[in-house]
Every structure is written in structure tokens, then in C-alpha cells.
Amino acid sequence: MKIKHAEFIISNTDITKCPKEQIPEYAFIGRSNVGKSSLINMLTNRKSLAKTSGKPGKTQLINHFKINKEWFLVDLPGYGYAKVSKKDRSAFTKFIYEYLEKRTELICTFVLIDCRHEPQKIDVEFMQWLGEKQIPFVIIFTKIDKLSKSKLEKNLEVYKTEMLKNWEEMPEIFLSSAEKGDGKDQILKFICKTNDQIKNML
Ligand code: GTP
Ligand code: MG
């Protein structure tokens with residue numbers, strides 16, 4: 001799939017104010033600084049459609065971007081950012097969780113994980129929660145340009161072993177580099193295929 005058109009629609013913290021159009025929606029979530037906004041820019045061939053930063057905590061709202069006038073990409077704030085006050089953190093968590101649980105247009109959630117790190121409790125527990133709520137998700141391991149191929153393979157094995165303690169099978173996995181463009185074709189193909197499946201169900 002080629003992205004010919006990408007436009008910012010609205011930012012908010014209130015799911016009742018999210019766009020009313022009933023078109024497929026895909027959301028990016030993960031720890032602060034994992035590269036959610038950068039990946040959205042990479043996928044849409046735009047330098048700063050979504051705001052990025054070297055410092056964690058940049059994205060603070062639910063941001064809807066309309067793609068090819070047919071579906072939404074949603075950039076969410078990161079979780080696990082220590083510098084946000086406890087009060088802000090629980091407010092953050094509340095609207096993100098509400099969005100994930102109640103947004104009926106949300107077809108699939110992309111959980112982004114930095115490929116350099118060992119499995120983190122916060123990510124593992126978050127995916128557990130998605131599973132309990134039956135919210136469909138896939139995993140994207142980000143920043144693969146920062147690891148050698150052998151180290152990346154090793155880290156993926158460790159991750160799979162950890163997840164299979166709780167899961168019968170692994171969700172679909174993608175590897176990405178916003179820096180080098182890796183993963184773009186695979187992720188867009190997945191979205192395109194999913195959009196087609198939805199159309200066929202209607
Ligand atoms: P929050 O909005 O704070 O939750 O962060 P985010 O997940 O949206 O991360 P963001 O896209 O702002 O990127 C954080 C930092 O990581 C920036 O300095 C990016 O340039 C860098 N970064 C993101 N993706 C990649 C990647 O694939 N490779 C490399 N080398 N750096 C990346
Ligand atoms: Mg961001």
C-alpha cells in the first residue's frame with residue numbers, strides 16, 4: 001500500500017471527542033521514547049506529522065491522523081515515564097485505557113517495544129491486560145538499527161521465551177527502524193490486508 005495522503009485531524013484526551021467517522025483505526029502504544037511518533041512519520045513519509053523528541057513524554061494526547069482518506073493512525077502518549085507526576089500519570093493512564101477499551105473503531109493496537117531491552121514488567125503486564133480485555137494487538141520491535149543482527153535475534157528469543165510463559169502463542173511480530181525505513185512495507189501490508197478483511201465482513 002502506498003500512503004498518498006496523511007493529515008492530522010484532532011488531538012484530545014476525551015474519547016467522546018474522537019472522530020465520529022466509522023473507519024478502521026490502528027493505534028501505536030508503548031513506553032515513552034520507544035519511537036511511536038517517529039514510526040508514524042516513517043510510515044507516512046513525513047518528517048514531522050507526529051511530534052517527536054529525544055526526551056520522553058513528548059506525546060501527551062490521543063492524536064488522530066487520517067490516512068489515504070480511508071483509515072486512521074493514532075499516536076498515543078507513552079506509558080512508564082517516571083518524570084510525569086503521579087497524578088498526571090494516573091490521568092494519562094485513565095484516558096489511554098478508556099480509549100483502548102471503548103473505541104469501537106480500533107481494529108488493532110501496535111505495541112511498540114525497544115528491541116535493545118530485556119522484557120520489561122510494564123510491557124508484559126500491559127499486553128496481559130490487552131489479552132484479558134480481548135483487545136487485538138501485534139508487537140513492533142523498534143530501533144533495530146541500534147543492534148547487530150545476532151544481538152537482535154538473541155533479544156527476540158529472550159522476549160518470546162518470556163511471553164510464552166503467559167501466552168499459548170506469540171502475536172504477530174514486526175521489526176522496525178524509523179531511521180532506516182525497515183518494517184515499513186510489512187506494517188503497511190498488514191494494515192492493508194486487515195482493512196480488506198474488514199471490508200469483506202461488511
Ligand atoms: P513519547 O511521545 O514521549 O511517548 O515518545 P515516542 O514513543 O513517540 O518516541 P519518539 O518517536 O518521540 O522518539 C524518541 C527518540 O527515539 C527520538 O530521539 C527519535 O529520533 C528516536 N528514535 C525513534 N525511532 C528510532 C529508530 O528506529 N532508530 C533510532 N536510531 N532512533 C529512533
Ligand atoms: Mg510520541
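This report describes a predicted model, beginning with its bound magnesium ion and second ligand and then turning to the helices and strands.

## The magnesium site

The magnesium ion (ligand 2) has two protein donors, the OG atom of Ser37 and the OG1 atom of Thr59, and these lie 2.0 to 2.2 Å from the ion. The pair brings together distant parts of the chain, since Ser37 belongs to helix α1 (residues 36–44), while Thr59 sits in the loop between α1 and β3 (62–67), and the two are 22 residues apart. Both Ser37 and Thr59 are buried.

## The surroundings of ligand 1

Around ligand 1 there are 22 residues, of which Lys36, Ser38, Gly57, Thr59 and Ala178 come nearest. Thr59, already named as a donor of the magnesium ion, also has an N or O atom in its side chain that is 2.7 Å from an oxygen atom of ligand 1.

Backbone atoms take part as well: a polar backbone atom of Asn33 is 2.9 Å from an oxygen atom of ligand 1, and a polar backbone atom of Gly78 is 3.2 Å from an oxygen atom of ligand 1. Of the 650 Å² of accessible area that ligand 1 has on its own, the protein covers 87%.

## Helix α1

Helix α1, which supplies Ser37 to the magnesium ion, has 8 of its 9 residues buried, so this helix is largely enclosed by the rest of the structure. The buried residues in α1 are Lys36, Ser37, Leu39, Ile40, Asn41, Met42, Leu43 and Thr44. Just after the helix, Asn45 takes a positive phi of about 60 degrees.

## Strands β2, β5 and β6

Strand β5 (residues 106–114) is mostly covered, with 8 of its 9 residues buried. Strand β5 pairs in the parallel sense with strand β2 (residues 25–30) over 6 bridges, and within this pairing Gly30 has Leu112 of β5 as its bridge partner.

Strand β5 also pairs in the parallel sense with strand β6 (residues 137–142), again over 6 bridges, and here Thr109 stands opposite Phe137 in β6. Between these two strands the chain passes through helix α3 (residues 121–132), and the β-α-β crossover that results is right-handed.

## Strands β3 and β4

Strand β4 (residues 71–75) is mostly covered, as 5 of its 5 residues are buried. In a regular strand the side chains alternate between the two faces of the sheet. Both faces of β4 are covered, with Trp71, Leu73 and Asp75 buried on one side and Phe72 and Val74 buried on the other.

Strand β4 runs parallel to β2, to which 4 bridges join it, and antiparallel to β3, to which 5 bridges join it. Leu73 in β4 appears in both pairings, as the bridge partner of Tyr26 and as the bridge partner of Phe65. Strands β3 and β4 form a hairpin with 3 residues between them, and Asn68 in the turn has a positive phi of about 50 degrees.

## A buried lysine in β3

Lys66 has its place in strand β3, the strand that forms the hairpin with β4. With a relative accessible area of 13%, Lys66 is below the 20% cut-off and therefore counts as buried. The side chain of Lys66 makes a polar contact with the side chain of Glu21, at 2.5 Å.

Terms used:
Residues are numbered from 1 along each chain as its sequence is written. Chains are lettered from A and ligands numbered from 1 in the order in which they are written. This is a predicted model: local features need pLDDT of at least 70, side-chain atom pairs count only at pLDDT 80 or more; totals for chains, interfaces and linings use all residues. Side-chain values use heavy atoms; hydrogens and water are left out. Donors are N, O and S atoms within 2.8 Å of the metal (3.2 Å for Na, K and Ca); water is not among the atoms, so sites may look incomplete. Buried means under 20% relative accessible area, exposed over 50%, partly exposed in between (1.4 Å probe, protein chains only). Two strands pair if DSSP finds at least two bridges between them. A crossover is right-handed if, with the strands pointing away from the viewer, the path from the first strand over the helix to the second runs clockwise. A residue is near a molecule or strand if one of its heavy atoms lies within 4 Å of it. A polar contact is a pair of N or O atoms within 3.5 Å; within protein, one must be able to donate a hydrogen and the other to accept it, and residues adjacent in sequence count only if both atoms are side-chain atoms. Accessible areas come from the Shrake-Rupley method with a 1.4 Å probe; for residues, only the protein chains shown count as cover.
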